[in-house]
Each structure stands twice: as structure tokens, then as C-alpha cells.
Amino acid sequence: MKEYKLKYGCNPDQSQAKIFMSGEKDLPIEILNGRPGYINFLDALNSWQLVRELKKALNIPSATSFKHVSPAGAALGIPLNDNEKKLFFVDENINVNSSPLACAYARARGTDRLSSFGDWIALSDECDEVTAMLIKHEVSDGVIAPSYSSEALEILKSKRKGNYSIVKIDENYEPELIERREVFGITFEQSRSTAPVIEPEKFNNAVTKNKNFTDEAKRDLILALITLKYTQSNSVCCTRNGQTLGVGAGQQSRLHCVKLACEKADLRILREHPKILNLNFDANIGRPERDNAINIYLTENKILSDDEIHEWLENYKGVSLGSDAFFPFPDNIERATKSGVSYIAQPGGSIRDDLVIKACDEKNIAMVMTGHRLFHH
């Protein structure tokens with residue numbers, strides 16, 4: 001298949017829409033079910049690159065939940081404890097820990113469940129039955145993976161009255177090194193970004209007094225940076241325990257990136273509070289309604305007092321934070337500290353790097369400068 005006609009483009013009035021390969025090559029994808037749209041494919045191809053790179057970098061199955069060409073969440077296949085199963089709404093009848101890929105999706109979806117409503121999913125490995133069962137219970141537009149077990153395929157085909165979009169991609173497909181796009185009738189051309197987000201030896205050359213990066217922190221910083229590589233810039237990402245906690249995407253100000261990522265991380269962290277975790281919802285209330293209710297409880301009709309919120313966040317440490325470009329001012333560090341950030345990776349290169357380093361030293365944060373900007377548009 002060299003081209004695939006879409007129902008329409010970004011909007012219904014953009015009726016001429018298709019995806020295609022130039023030259024004699026076939027599309028590296030196969031539509032197994034449904035009819036993905038223009039934005040679906042933008043999400044699918046960007047999200048696939050993210051999980052493919054995570055798997056290559058860390059050798060752990062990974063998943064991401066995409067909305068509007070940025071990840072709402074991304075995660076690695078790390079087993080879930082009982083509290084995390086409850087936190088991520090994992091059905092007790094599903095043996096989630098039997099599948100690292102299922103654990104990765106539960107974590108990715110669990111980053112920002114409000115934003116993940118109607119997401120596009122990418123999976124680094126073959127979608128198995130357990131992962132498909134998790135996806136079945138969530139409101140989602142579609143999924144892309146290198147393959148699907150027969151059991152998983154049947155489960156997914158039952159979603160959305162049989163219209164759920166299921167895309168299979170050739171995991172060995174490699175695009176050309178030169179990529180092009182057209183804007184307002186003008187063609188842009190550039191080489192693809194193929195450099196690693198961080199070389200491992202960089203962790204041995206921290207610019208701060210605190211130079212101690214745990215193995216988990218290194219893993220989480222790599223997760224943050226790869227996530228940012230496929231997030232609309234400016235962007236900042238908070239991670240912990242193999243999971244994104246908050247992604248701040250598409251902000252004009254670096255400080256607003258940090259605030260957005262950290263505010264999302266705070267809400268995700270507060271969902272672990274026993275008063276929130278143990279809320280009893282009527283069995284007839286759906287997952288989206290529960291997500292909306294919890295968000296209202298945390299932001300408007302507060303179940304937690306200000307003191308309880310402060311105490312819970314104050315005791316939450318070990319968060320890793322990645323930035324797709326340098327921090328121009330130390331106020332970014334001040335905000336990050338309030339959300340338990342202990343480790344930072346950023347490109348460096350600001351004329352105020354010394355002030356940013358000083359701010360990290362005052363907070364005992366370990367920071368590494370990667371030398372690689374990760375803008376994505």
C-alpha cells in the first residue's frame with residue numbers, strides 16, 4: 001500500500017487528505033481495524049518513535065499515551081504494587097504484572113488520566129492479551145504496535161462498536177535521514193534528529209556539587225528526555241519510578257513549562273494520598289467520571305487541607321526533571337524544588353548557567369548538562 005485516503009484532514013472542511021510514500025516504497029504500516037484520521041496518524045507516528053527509542057535505550061517494554069501530537073504520559077514496564085494498581089484503575093481480575101507491556105501502559109495512562117481521555121496509544125512490543133484488556137476498559141481512539149497476538153486483536157476489535165483503530169507498523173522500518181514538510185506552500189528540509197538524548201558518561205560529569213545519580217534517577221532522566229524529544233516545545237517533563245508524572249508542553253516561557261509539568265506532577269502525586277486513593281465510587285460510575293471527580297476534589301472542592309497537601313508534597317522526593325532547552329533563570333529551579341525534584345538533565349548553554357547551578361547547589365539537586373537541545377515542532 002503506497003497511500004491511504006483519510007476521511008478528512010485536521011478539520012472536516014479539509015476534505016483532501018491522505019498519507020502516502022513518495023517513490024516506489026510502500027507505507028510501513030497496515031491498518032488492521034477502523035479508519036484512523038489525519039491527527040491519529042500524527043499521534044501514531046510520533047508516539048511510535050518515542051516507545052521505539054525508549055525500548056532501544058533502556059531495553060524495557062514501554063508505552064505512551066498521546067493527545068494532539070504530545071504525550072500525556074509515557075512509562076516503562078515496571079511491576080505495579082497494590083497501591084499503584086488502585087491508583088491506575090487496574091481491574092483486580094487482570095494479572096497486570098504478568099505483562100511488562102501492560103504495566104507500561106497502566107503507568108503511561110496513569111500519568112495524567114484527565115488528558116489521556118480519548119488517547120492514541122503506542123506500544124514498543126507485541127500487544128498481548130493482558131495489555132489489550134487494560135486498553136479495552138479505557139476511552140481511546142486507537143493503538144499502534146509492531147504486532148498483536150490473536151487474542152489481543154479480537155479484544156481490541158470489540159472496542160468502539162468494532163470501529164477502534166488498530167495500526168501495525170513494521171518495526172524494522174527506518175525513514176530517510178532527510179525529512180521534509182510543507183508549510184504555506186513552502187517546503188522545509190532538515191536532517192532527522194538521530195543523536196542520543198544523553199551519552200551515559202555525562203552522568204559522571206555533573207555540573208553541581210551533588211554528583212550522585214542513582215541508577216533509577218539515570219533511567220528516569222533518560223525517560224524524561226526521550227519523552228521531550230517527541231513533545232511539542234517548549235517542554236519540561238517530570239518522572240519517577242519509570243513513569244512520567246507531568247508533561248508541560250508547548251509553552252512560550254520555560255518557567256510556564258516547569259509550572260505546568262510540576263502542577264501536573266503534584267496532582268499525580270496527591271492521587272496517592274490515602275484520602276484520595278481510598279475514595280469509594282459507586283460501581284456504576286465510569287472511569288472518566290471518576291477521573292473528573294478526583295480532579296475536582298484536588299483542585300476545587302478540596303478533600304485535603306492545605307496543610308495535608310503541603311505535608312504530602314514535602315515528603316515526596318526523588319523526582320527527575322528533564323528540559324528540552326536550557327533554563328534561562330534560576331526561578332525554574334525554585335519551582336521544581338516544590339515538587340520533589342532531586343535530579344535534573346538539561347542542555348545548558350544559558351548566559352546564566354552559573355546562577356542556575358548555584359540554585360541547584362542551594363537545594364542539593366544533582367544536575368547534568370547534556371549539550372543536546374530537543375526542540376520538536
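This report walks through some strands, helix contacts, salt bridges and single residues of one protein model.

Keep in mind that the model is predicted.

**Strands**

Let's start with strand 4 (residues 62-67) and strand 5 (residues 70-76). These two pair in the antiparallel sense, with 6 bridges between them. If you want one pair to look for, find Phe66: its bridge partner in strand 5 is Pro71. The two strands make a hairpin with 2 residues between them, and His68 there has a positive phi near 55 degrees. Strand 5 is mostly covered, with 7 of its 7 residues buried.

Now move on to strand 6 (119-123) and strand 7 (residues 140-145). This time the pairing is in the parallel sense, over 4 bridges. Here you can look for Ile121, whose bridge partner in strand 7 is Val143. Strand 7 is mostly covered too: 5 of its 6 residues are buried.

One residue of strand 7 deserves a visit of its own, namely Ser140. Is Ser140 buried or exposed? Ser140 has a relative accessibility of 3%, so it counts as buried. Who touches it? Setting aside neighbours within four places in sequence, Ser140 is in contact with Arg109, Gly118, Asp119, Ile121, Lys159, Arg160 and Tyr164. Two names in that list, Arg109 and Asp119, come back in a moment as salt-bridge partners.

**Salt bridges**

How many salt bridges does the model have? The count comes to 24. Three of them are set out here.

| Salt bridge | Closest N to O distance |
|---|---|
| Asp125 and Lys55 | 2.7 Å |
| Asp119 and Arg109 | 3.0 Å |
| Arg268 and Glu272 | 2.6 Å |

Take the salt bridge of Asp125 with Lys55. This pair links distant parts of the chain: Asp125 is in the loop between strand 6 and helix 4 (129-136), Lys55 is in helix 1 (residues 38-58), and they are 70 residues apart. Asp125 has 23% relative accessibility and so counts as partly exposed. Lys55 also has a relative accessible area of 23%, which makes it partly exposed.

Next comes the salt bridge between Asp119 and Arg109. Asp119 sits in strand 6 and Arg109 in helix 3 (residues 100-111), so the pair ties together parts 10 residues apart in sequence. Both Asp119 and Arg109 are buried. They don't work as an isolated couple, either: a network of salt bridges links Arg109, Arg113, Asp119, Glu138, Arg271, Arg287 and Asp291.

The Arg268 and Glu272 bridge has one buried end and one partly exposed end. Arg268 counts as buried because its relative accessibility is 4%, while Glu272 is partly exposed at 25%.

**Helices that meet**

Two packed helices are described by the angle between their axes and the distance between the axes. Let's try that on two pairs.

The axes of helix 4 and helix 5 (residues 150-157) come within 8 Å and cross at roughly 10 degrees. Angles under 35 degrees count as roughly parallel, so helix 4 is roughly parallel to helix 5. On the helix 4 side you'll find Glu129, Ala132, Met133, Ile135 and Lys136, and they meet Glu151, Ala152, Ile155 and Leu156 in helix 5. Sorted by class, the residues of this contact are 6 nonpolar, no polar and 3 charged.

How do helix 7 (residues 254-270) and helix 10 compare? Their axes come within 10 Å and cross at roughly 100 degrees. Helix 7 and helix 10 are therefore roughly perpendicular to each other. Asp266, Ile269 and Leu270 in helix 7 meet Ile309, Trp312 and Leu313 in helix 10. This contact has 5 nonpolar, no polar and 1 charged residues.

**A loop residue to finish**

Where does Leu304 lie? Leu304 is in the loop between helix 9 (287-299) and helix 10 (306-314). With a relative accessible area of 3%, Leu304 is buried. Leaving aside neighbours within four places in sequence, its contacts are Leu270, His273, Lys275, Ile276, Leu298 and Ile309. Among them, Leu270 and Ile309 also take part in the meeting of helix 7 and helix 10.

His273 gives you a handy reference point. Leu304 and His273 are 31 residues apart in sequence and 8.9 Å apart in space, C-alpha to C-alpha. For Ser140 and His273, the values are 133 residues in sequence and 27 Å in space, again C-alpha to C-alpha.

How values were computed:
Residues are numbered from 1 along each chain as its sequence is written. This is a predicted model: local features need pLDDT of at least 70, side-chain atom pairs count only at pLDDT 80 or more; totals for chains, interfaces and linings use all residues. Side-chain values use heavy atoms; hydrogens and water are left out. A salt bridge is a side-chain nitrogen of Lys or Arg within 4 Å of a carboxyl oxygen of Asp or Glu. Buried means under 20% relative accessible area, exposed over 50%, partly exposed in between (1.4 Å probe, protein chains only). Axes are lines fitted to C-alpha atoms, for helices over the stretch in contact, and angles run from 0 to 180 degrees between N-to-C directions. Angles under 35 degrees count as roughly parallel, over 145 as roughly antiparallel, 65 to 115 as roughly perpendicular and the rest as oblique. Contact means heavy atoms within 4.5 Å. Ala, Val, Leu, Ile, Met, Phe, Trp, Tyr, Cys and Pro count as nonpolar, Asp, Glu, Lys and Arg as charged, and the others, Gly among them, as polar. Two strands pair if DSSP finds at least two bridges between them.
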